[in-house]
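Good morning, colleagues. Please take a moment with the sequence and the structure before I begin my remarks.

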Amino acid sequence: MSILDIFFPKYCLECKLYGRYICDSCLRRVDRVHDICFGYKNLAGLDGLITIFNYHGVIRKAIQALKYRFAHAVAIELAEHCLKELGERKLFFKEPMLVPIPLYPTRERW
């Protein structure tokens, strides 16, 4: 616990439980995506594309907080959950690439 936690306590973005932005209970309710795209070499390098979570629930709220409210602390928790999920799948790539979440054009110009 840091001094910031006293003034800015962490609450789950979905259920408001104290302690983390993404609580384990809410994360369990988000569907995992187990699809990997192969054979799409002609479509902008999508061969081997992996999606981890469906875009709903606490994951959706976490991404929106990161994109629109500059909640950088949420990014750390989101990355931890993504790494854990990737580790459980035991996927290894020669050249992994992280693709950013696109912004709406007016927000990008801002």
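I shall go from the overall fold to the core, then to two helices and finally to some backbone angles.

Please bear in mind that this is a predicted model. The protein chain contains five helices and two strands. Read from the N terminus, the order of these elements is α-α-β-β-α-α-α. The chain has 110 residues, of which 25% count as buried. Its exposed surface comes to about 8,600 Å², and carbon and sulfur atoms supply 61% of that area. As for contacts between residues at least 6 apart in sequence, 52% of them join residues at least 24 apart.

I turn now to the core. Which members of the largest nonpolar core touch the most other members? Among its 18 residues, they are Leu13, Ile22, Val58 and Ile59. Helices α2, α3 and α4 each supply at least two residues of this core. The largest share, five residues, comes from α3.

That brings us to helix α3 itself, residues 57–68. With 12 residues at 1.5 Å a residue, α3 should span 16 Å, and the 17 Å between its end C-alpha atoms agrees with this. The buried residues of α3 are Val58, Ile59, Ala62, Ile63, Ala65 and Lys67, so a lysine is found on that list beside the nonpolar side chains, given that buried means under 20% relative accessible area. What do these buried residues pack against? Their partners are α2 (24–28), α4 (72–89) and α5 (105–109). Ile59 offers a detailed example: leaving aside residues up to four places away in sequence, Ile59 touches Leu27, Val30, Phe53, Asn54 and Leu78.

Next comes helix α4. Its 18 residues reach 26 Å from the first C-alpha to the last, close to the 26 Å expected at 1.5 Å a residue. The buried residues of α4 are Val74, Glu77, Leu78, His81, Glu85 and Arg89. Why do these residues lie on the same side of α4? They cover an arc of only 120 degrees around the axis, which places them there together. The face turned away from the buried side carries the exposed residues His72, Ile76, Leu83 and Lys84.

Glu85, a residue of helix α4, deserves a separate word. Its relative accessible area is 8%, and Glu85 therefore counts as buried, the limit being under 20%. The C-alpha atoms of Glu85 and Ile52 are separated by 7.2 Å, although the two residues are 33 apart along the chain.

I close with the backbone. Most residues other than glycine have a negative phi. Where, then, does this chain have positive values in residues other than glycine? One is Lys16, with phi near 70 degrees, in the loop between α1 (3–7) and α2. Lys16 is exposed, because its relative accessible area of 56% is over the 50% limit. Another is Phe70, with phi near 55 degrees, in the loop between α3 and α4. Phe70 is partly exposed, because its relative accessible area of 44% falls between the limits of 20% and 50%. Phe70 follows α3; in a similar way, α4 is followed by Lys90, whose phi is positive and near 55 degrees.

Methods. Residues numbered from 1 in each chain as written. Predicted model: local features only at pLDDT ≥ 70, side-chain atom pairs only at ≥ 80, totals over all residues. Heavy atoms only, no water. Helix = DSSP H or I, 4+ residues; strand = E, 2+ residues; numbered from the N terminus. Expected span 1.5 Å × (residues − 1). Buried < 20%, exposed > 50% of the residue type's maximum accessible area, 1.4 Å probe, protein only. Contact = heavy atoms within 4.5 Å. Core = buried A, V, L, I, M, F, W, Y, C linked by side-chain atoms within 4.5 Å. Areas by Shrake-Rupley, 256 points an atom, 1.4 Å probe, with all protein chains shown as cover. Arc of directions from axis to C-beta.
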